[in-house]
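Please open the structure in your viewer and keep the sequence panel beside it. We will go from one selection to the next, pausing at each to see what is there.

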Amino acid sequence: MRIGVLTSGGDAPGMNATIRAVVRAGIANGDTVFGIYDGYRGLIEGKIQEFTRKDVSEILNKGGTILGTARLPEFKYEQVRTLAIRQLQKNDIEALICIGGDGTYTGALRLHEMGIKTIGIPGTIDNDIASSDFTIGFSTALNTACDAIDKLRDTSSSHQRCSIIEVMGRHCGDLALYSGICCGAEYIITNDTGFNKDELLANLKANRLAGRRHAIVVISENITDVHQLAKEVEIYSGYECRATILGYIQRGGTPTPEDRLLAARLGKYAVDLLHEGITGVAVGVIKNELHYTPIDKALAMTNEPNVELHKLIEKIS
Ligand code: ADP
């Protein structure tokens with residue numbers, strides 16, 4: 001087969017490991033694999049290059065994506081997607097593996113509806129693709145967040161401060177939930193836990209009065225203005241308080257072994273499915289087993305809150 005691979009949307013550590021797996025698995029099958037630069041934008045611009053095994057050596061442990069990524073909101077228009085299809089036809093590319101988040105999946109679905117064989121691989125630090133228990137990049141971002149929170153804990157404890165740490169995740173609370181548990185945060189606030197500011201302030205005040213030296217609050221992005229919250233914590237709780245927005249450092253870095261393994265498994269699986277004639281699907285792991293889900297179903301699925309972990313934080317935070 002002649003297979004194209006692209007990365008799209010926000011970058012995530014492990015995207016390179018995924019590209020490597022797709023290229024190597026494809027070549028091992030006798031396929032010709034093409035790297036498409038800068039996502040769907042590069043596709044319509046014809047930024048397409050055949051990849052050899054060697055083109056993907058030395059990238060396994062690199063963050064970011066060697067293919068680059070770019071946003072092309074106009075891809076929602078059929079005329080724009082027609083340009084993409086023309087480029088694929090020009091290069092005789094019959095199938096496309098798209099690595100990214102739900103926007104990328106939507107693009108892949110629309111192309112599939114227009115007759116292109118597509119497969120989506122979940123590459124995002126947000127862990128917000130419900131058709132896979134974990135997305136490529138989440139483990140690395142979790143490691144980065146934990147490293148930062150541990151460091152902030154040291155200084156918070158020395159100065160008897162409250163530290164509010166905002167982590168990424170778009171609308172998914174997993175990065176906050178997992179990093180909060182792993183770093184022993186006193187409070188974890190996500191869309192799933194809900195945010196009751198008065199209760200938080202009262203609890204922090206009680207903590208302070210009970211003589212606790214520090215408090216760590218881990219909060220998902222898009223919930224509240226954390227700098228404003230820090231001011232209110234200072235006024236109401238008696239703690240000195242600092243807010244830190246971890247931001248884009250969570251998107252970079254060497255992928256963890258977990259992300260590399262997931263990338264290798266899903267990259268090869270995507271190629272295998274193409275050979276079995278299964279397309280228009282998103283691949284993932286569910287209970288550590290490889291699964292595929294039609295992309296339209298994958299996009300309609302919602303991330304259910306992890307009941308076990310929420311019960312856990314009630315007891316040990
Ligand atoms: P992510 O894949 O990480 O969710 P985006 O939401 O930015 O990132 O989507 C990546 C790209 O996918 C967009 O720039 C666009 O080219 C394509 N895309 C997003 N939404 C659609 C859509 N409704 N129809 C077609 N293509 C889309």
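## Helix 7 and its surroundings

Begin by selecting helix 7 together with strand 6 (161–167), strand 7 (187–189), strand 8 (215–220) and helix 8 (226–237), because these are the elements against which the buried residues of helix 7 pack, contact here meaning heavy atoms within 4.5 Å. As you look, keep in mind that this is a predicted model.

Now colour the buried residues of helix 7, which are L200, L201, L204 and N207. They cover an arc of only 120 degrees around the axis, and so they sit on the same side of helix 7. The general reason is worth remembering: an α-helix has 3.6 residues a turn, so residues three or four places apart point the same way. Turn to the other side of helix 7, and you will find D198 and L209, which are exposed.

Next, follow helix 7 from end to end. Its 13 residues (197–209) should span 18 Å at 1.5 Å a residue, and the C-alpha atoms at its ends are indeed 18 Å apart, which agrees. At the N-terminal end, select N196, which caps helix 7 with a side-chain oxygen that lies 3.3 Å from the backbone nitrogen of D198. Just after helix 7 comes G211, where phi is positive, at about 85 degrees.

## Helix 6, an enclosed helix

Move the selection to helix 6. How many of the 9 residues of helix 6 are buried? The count is 7 of the 9, so helix 6 is largely enclosed by the rest of the structure. The buried residues to highlight are D174, L175, A176, L177, Y178, S179 and G180. If you then show what covers them, you will see, among other parts, helix 5, strand 6, strand 7, strand 8 and helix 11 (307–316). After helix 6 comes G184, a residue with a positive phi near 65 degrees.

## A cluster of rings

Keep Y178 visible and add F134 and F138, since ring pairs link F134, F138 and Y178 into a cluster. The model holds 5 aromatic pairs in its count. In one of them, the rings of F134 and F138 have centres 6.0 Å apart and planes at 25 degrees; planes under 30 degrees apart count as stacked, and so this pair is stacked. F138 and Y178, by contrast, form an edge-to-face pair, with 5.2 Å from centre to centre and 90 degrees between the planes. F138 lies in helix 5 (residues 138–158) and Y178 in helix 6 (residues 174–182), so the pair ties together parts that are 40 residues apart in sequence.

Are these rings buried or exposed? F138 and Y178 are both buried, while F134 is partly exposed, with a relative accessible area of 35%. For F138 the relative accessibility is 2%, and because buried means under 20%, F138 belongs in that class.

## Around Q250

Now select Q250, which lies in the loop between strand 9 (240–245) and helix 9 (257–276). Although Q250 is in a loop, its relative accessible area is 0%, and it is buried. Leaving aside neighbours within four places in sequence, Q250 is in contact with I125, A141, T144, V167, M168 and L175. Its side chain also reaches the backbone oxygen of G247, at 2.8 Å.

## The ligand

Bring the ligand into view and show the 15 residues that surround it, of which the closest are R71, L72, G101, G103 and T104. Zoom in on the side chain of R71, where an N or O atom is 2.4 Å from an oxygen atom of the ligand. In the side chain of R170, an N or O atom is 3.1 Å from an oxygen atom of the ligand. At G10, look at the backbone instead, because there a backbone N or O atom lies 3.4 Å from a ligand oxygen, within the 3.5 Å cut-off for a polar contact.

## Two loop residues to finish

Finally, compare two residues that have a positive phi without being glycine. Q160 has a phi of about 50 degrees and is found in the loop between helix 5 and strand 6, where it is partly exposed at 32% relative accessible area. N288 has a phi near 65 degrees and is found in the loop between strand 10 (281–286) and strand 11 (289–294), and with a relative accessible area of 57% it is exposed.

Note on methods. Residues are numbered from 1 along each chain as its sequence is written. This is a predicted model: local features need pLDDT of at least 70, side-chain atom pairs count only at pLDDT 80 or more; totals for chains, interfaces and linings use all residues. Side-chain values use heavy atoms; hydrogens and water are left out. Rings of Phe, Tyr and Trp (its six-membered ring) pair if their centres lie within 6.5 Å; planes under 30 degrees apart count as stacked, over 60 as edge-to-face and the rest as tilted. Buried means under 20% relative accessible area, exposed over 50%, partly exposed in between (1.4 Å probe, protein chains only). Helices (H or I, at least four residues) and strands (E, at least two) are DSSP runs, numbered from the N terminus. The expected span of a helix is 1.5 Å times one less than its number of residues. The arc is that of the directions from the helix axis to the C-beta atoms. A polar contact is a pair of N or O atoms within 3.5 Å; within protein, one must be able to donate a hydrogen and the other to accept it, and residues adjacent in sequence count only if both atoms are side-chain atoms. A residue is near a molecule or strand if one of its heavy atoms lies within 4 Å of it.
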